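Before the bench work starts, it helps to ask what lies behind the labels attached to a model. The questions below take up some of those labels in turn.

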Amino acid sequence: MPRLDRLFQPITIGAMHLPNRLVMAPMVTNYASEDGQVTPRLIDYLSARAAGGVGLVVVEASYVRSDGRGFVNQLGIHRDDLVPGLHQLVDTIHANGAKAAIQLFHAGRQTTSAITGIQPIAPSPTPDPATGQLPREMTLADIEQIQLDFADAARRARAAGFDAVEIHGAHGYLIAQFFSPFSNHRTDEYGAGIHGRARFGLEIVRRVRDVVGPDYPIHFRISGEECVPGGLSIDQTRIIASLLEEAGVNALHVSVGNYATPGRLITAPMDIDRGFLVPLARKIKDVVSVPVIAVGRLENPLLAEQVLAMGAADLIAIGRGLLTDPEIPNKARRGDLDAIFPCIACNQACIAYLMEQRPISCLLNPGCGNEREFALMKSARPKRVVVVGGGPGGLEAARILAERGHTVQLIEEHTRLGGEFATATVPPKKEEIAAALGWMISEVRRLGVQVLLGTVATPEIVQQSHPDAVIVATGARPVRPPVTGLDRPEVVFARDVLLGRSAVGGRVLVVGAGAVGLETAEFLVAQQKKVTAIEMTETFGTGLEEGHRYWVMETLRAGGAVLLNRTTLEAFEANGTVHVYREGRGEILGPFDNVVLAAGYRPNDTLYQQLRACIPEVYLIGDAVKPRSATEAIREAVRTARKI
Ligand SMILES: Cc1cc2nc3c(=O)[nH]c(=O)nc-3n(C[C@H](O)[C@H](O)[C@H](O)COP(=O)(O)O)c2cc1C
Ligand code: SF4
């Protein structure tokens, strides 16, 4: 059993005693009501995370004034009538065994009038690069009022029973806008030099302290670096951290970035190494004596333990990991690390949904934010169910069915399970997807699902099992466009290249630079191939999450790949040259050793149509209905498996 002694050591911060070092990072969910009230959905979601064993739950960034709202259904703490709902939330978190803090927030210029109904405010009248909207420069009277608003919010937090507050001074929101020369161009006492820029945040800490009293824990979140030209460097943040300690904060929580930071580092995608922010936490820890909280892809308990052992931080915050698996701390405490369902840092249903102003969820765990709807109930009438297709949808359907007490057989035509997930594990930096797939497969086996590999399911084979119900998750087949020369043997499918079923030479043309095409190009570039990718539309990597797309494009650029948009394939010649139509005229590219097709998928629903005629209860799910994102395929699989 792994030793995780440090993770499960108690710690005291101000008047708050925590049973362990694991903190749930604040995450806006968009589960609150339009006027910022706590909802049953928010309570269910946070109860599940508290019950999962974290010592402290930091409730999401909550706006202290209505012009500071950053998201349409964000939680508010700006009015006294919100306190009873917040109290109920705290009581539930406590009842589930964790302490509760709440993050106090004002978006400043990182919001829009579409969300707040009013022009955003900021230290300086400079538009945020992400929103493009011109903010109003804050007057001295505005500055004082907002400081009072933070203090009022802290008073409400205390009245609601929260054990601590965390002031949000990170990620480019209002307080961070004051800290940073990137956004603060003032020449008065709230700008002009680091002490002037720090003043707004320091005064907020003092005003909050006046309201909450001497022992009440005030945490403060900062971005160690902003990673934008002219933004905060770690050396500047170290100065601010020391000043914050002097002003009376009890803990510092070290994150990174603002909205303009390229590659979505705040919620680092899978391209970024686990624990990449630990060096920043350590540099802050070197200059303060209050506890430091580290964050950023630290959900692996062994890594978290190592960070504590190195002395780089005192507590570990986990964000997305707890969306996928709220039970990480309990499983770690039991030493059952293999039971953890690992987040794949795909960002697809959490931060990407939030940025679209949708309620967050998790690609792998559709029950996140839908705890009641997706609660697992044993079936009253266990059945024999056949699932055809061992991709992520089929695997999850089989897992849920087996959990619910059904007898399940899973039939997969290939000799390995995984479907689209198996191909997705191949491009560089995809170890996380492999780990998640490994978890799904081991769960299916643990639950006694009978797995038939290398078996092409026909109606006869399915009927041999005498199923009461069948779920068809046969996915989609790649499309071969009707273009001259694409029937030649040098033309292969991206999926086969990724799975090692088709080898390619040194000069490769990838046709279709959407999600699959771009990742295949990345895979080939990593093997030192000379890659050209053509795309009919304007945009490369459609369907890839924004942060991940940025890093894939960086790798392709660094690897010398040629990317051509608005380019249509017209013919592939025997000599390896390719005719394309581009910017109103024909062009010849190449020669190439191979053409790799990533030109889309067509649903594969033949078996479903055949089975409908002979089996009364048949369901078609996932890409076999229509090629879509894995989030939708898994959600549909889980929903279907719950209703059988
Ligand atoms: C959906 C979502 C919402 C977030 N909202 C907040 C927030 O309210 N306040 C904050 O400081 N950070 C927020 N973050 C950042 C997380 O607190 C955390 O720093 C980040 O996800 C990195 O940690 P992780 O790798 O463990 O997910 C959010 C992240 C996600 C995914
Ligand atoms: S959507 Fe992806 S990144 Fe977000 S929590 Fe789920 S697995 Fe992790």
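**Reasoning from values to labels**

The model is predicted, and in it E583 is placed in the loop between β23 (578–582) and β24.

Q: Why is E583 called exposed?
A: E583 has a relative accessible area of 54%, and because exposed means over 50%, E583 counts as exposed.

Q: What is notable about the phi of E583?
A: Phi of E583 is near 50 degrees, which is a positive value in a residue other than glycine.

Q: Which other loop residue has a positive phi although it is not a glycine, and why is C227 called partly exposed?
A: C227 has a positive phi of about 55 degrees, and it lies in the loop between β9 (218–223) and α7 (234–247). Its relative accessible area is 35%; because buried means under 20% and exposed over 50%, with partly exposed in between, C227 is partly exposed.

Q: Where is the cis peptide bond that involves P591?
A: The cis peptide bond joins G590 and P591, with omega about 10 degrees, and P591 is found in the loop between β24 (585–589) and β25 (594–597).

Q: Why does T39 count as buried, and what does T39 touch?
A: T39 is placed in the loop between β3 (22–24) and α1 (40–51). At 15% relative accessibility T39 counts as buried, because the cut-off for that label is under 20%. Leaving aside neighbours within four places in sequence, T39 is in contact with Y31, A32 and S33.

Q: What makes L46 a buried residue?
A: L46 is in helix α1 and has a relative accessible area of 3%; since buried means under 20%, L46 is buried. Apart from neighbours within four places in sequence, its contacts are M24, V57, V59, L89 and I93.

Q: Why is T555 called partly exposed, and where does T555 stand relative to L46?
A: T555, in helix α19 (residues 546–558), has 31% relative accessibility, and because partly exposed covers the range between under 20% and over 50%, T555 counts as partly exposed. L46 and T555 are 509 residues apart in sequence and 38 Å apart in space, C-alpha to C-alpha, while T555 and G311 are 244 residues apart in sequence and 33 Å apart in space. Beyond neighbours within four places in sequence, T555 is in contact with E522 and V525.

Q: How do you know that the radius of gyration of the protein agrees with that of a compact globule?
A: For 644 residues a compact globule would have a radius of gyration near 26 Å, and the protein has 26 Å, so the two agree. The C-alpha trace spans about 75 × 65 × 45 Å along its principal axes, and 62% of the 644 residues count as buried.

Q: What share of contacts between residues at least 6 apart in sequence joins residues at least 24 apart?
A: That share is 71%, in a protein whose secondary structure comes to 21 helices and 27 strands.

Q: Where does ligand 2 sit, and how is the shell around ligand 2 divided by class?
A: Ligand 2 sits in the largest cavity, and the shell around it has 9 nonpolar, 2 polar and 1 charged residues. The residues around ligand 2 include R320, T324, N347, C343, C346, C350 and C362.

Terms used
Residues are numbered from 1 along each chain as its sequence is written. Chains are lettered from A and ligands numbered from 1 in the order in which they are written. This is a predicted model: local features need pLDDT of at least 70, side-chain atom pairs count only at pLDDT 80 or more; totals for chains, interfaces and linings use all residues. Side-chain values use heavy atoms; hydrogens and water are left out. A residue is near a molecule or strand if one of its heavy atoms lies within 4 Å of it. On a 1 Å grid over the protein atoms alone, a cavity is a set of points where a 1.4 Å probe fits but cannot get out, and a pocket is an open set with protein on both sides within 12 Å along at least five of seven lines; lining residues have an atom within 4 Å of a point. A molecule sits in a cavity or pocket if more than half of its atoms lie within 2 Å of its grid points. Ala, Val, Leu, Ile, Met, Phe, Trp, Tyr, Cys and Pro count as nonpolar, Asp, Glu, Lys and Arg as charged, and the others, Gly among them, as polar. Helices (H or I, at least four residues) and strands (E, at least two) are DSSP runs, numbered from the N terminus. Buried means under 20% relative accessible area, exposed over 50%, partly exposed in between (1.4 Å probe, protein chains only). Contact means heavy atoms within 4.5 Å. The radius of gyration is taken over C-alpha atoms; the globule rule is 2.2 Å times the number of residues to the power 0.38.
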